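Q: Can you walk me through this one? I have the sequence and coordinates open.

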Amino acid sequence: MDETEFWQLIDSSREAAEGDPEEQSDALVERLVALDPDSVVDFARHFESRDNRAYTWDLWAAAGILLGGASDDAFDCFRSWLIGQGREVFEGALHDPDHLAELLDAFDDEVDGDAEELGYAADEAYEQLTGAEMPDLGLPAQPAEPLGTYIDLDDDRALAERFPRLWDRFGT
């Protein structure tokens, strides 16, 4: 599976779910079980590598602004949600998290920003196909600390200065 196929699966599942993260996970599992197990493993590698790339202080701060705070677990779920938004939003946020202010049409912190189940879609599909757990993906482990420059997630002034557009639109 190449990168284009990965993003096509993400996009088609999001469109089928009309943006609902839980329904997107179900739609993605449906699409993945139609593939062979090796393709599901490839999909999981793509997903995991993007999840690791998004493990940055800047994106954690952006998640905190959007969600009104973000614990470790909330940030994990946010990264899955971000991948689920598709290539344009994901890559745009990676390049400049403040750009999320323009990339997101709307954001409801009660529904959006949390796609925990999306992160497990490949595992579920693989298990349905094979009856076994997903094998080791052979990827480097997530870094011990987020990448980039630390930012105090409780410092509203620092967040507003670093992400002015995101803060103006979604900050508290």
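A: Below are notes on confidence, the overall fold and one helix pair.

A: This is a predicted model, in which local features need pLDDT of at least 70 and side-chain atom pairs count only at pLDDT 80 or more, while totals for chains, interfaces and linings use all residues. Residues are numbered from 1 along each chain as its sequence is written, and side-chain values use heavy atoms, with hydrogens and water left out.

Q: What does the pLDDT of the protein chain average?
A: The average is 94, and 100% of the residues score at least 70; pLDDT is the predictor's confidence in each residue, from 0 to 100.

Q: Which elements have the lowest and the highest mean pLDDT?
A: Helix α7 (residues 100–103) has the lowest, 90, and α8 the highest, 98.

Q: How many helices and strands?
A: There are 10 helices and 0 strands, taken as DSSP runs numbered from the N terminus (helices H or I, at least four residues; strands E, at least two).

Q: What box do the C-alpha atoms fill?
A: Roughly 50 × 35 × 25 Å, along the principal axes.

Q: Now α3 and α8. How do their axes cross?
A: The axes of α3 (residues 37–53) and α8 (residues 121–130) come within 9 Å and cross at roughly 165°. Axes are lines fitted to C-alpha atoms, for helices over the stretch in contact, with angles from 0 to 180 degrees between N-to-C directions.

Q: Which residues make the contact?
A: On α3, Pro37, Val40, Val41, Phe43 and Ala44; on α8, Ala122, Ala125, Tyr126, Leu129 and Thr130. Contact means heavy atoms within 4.5 Å.
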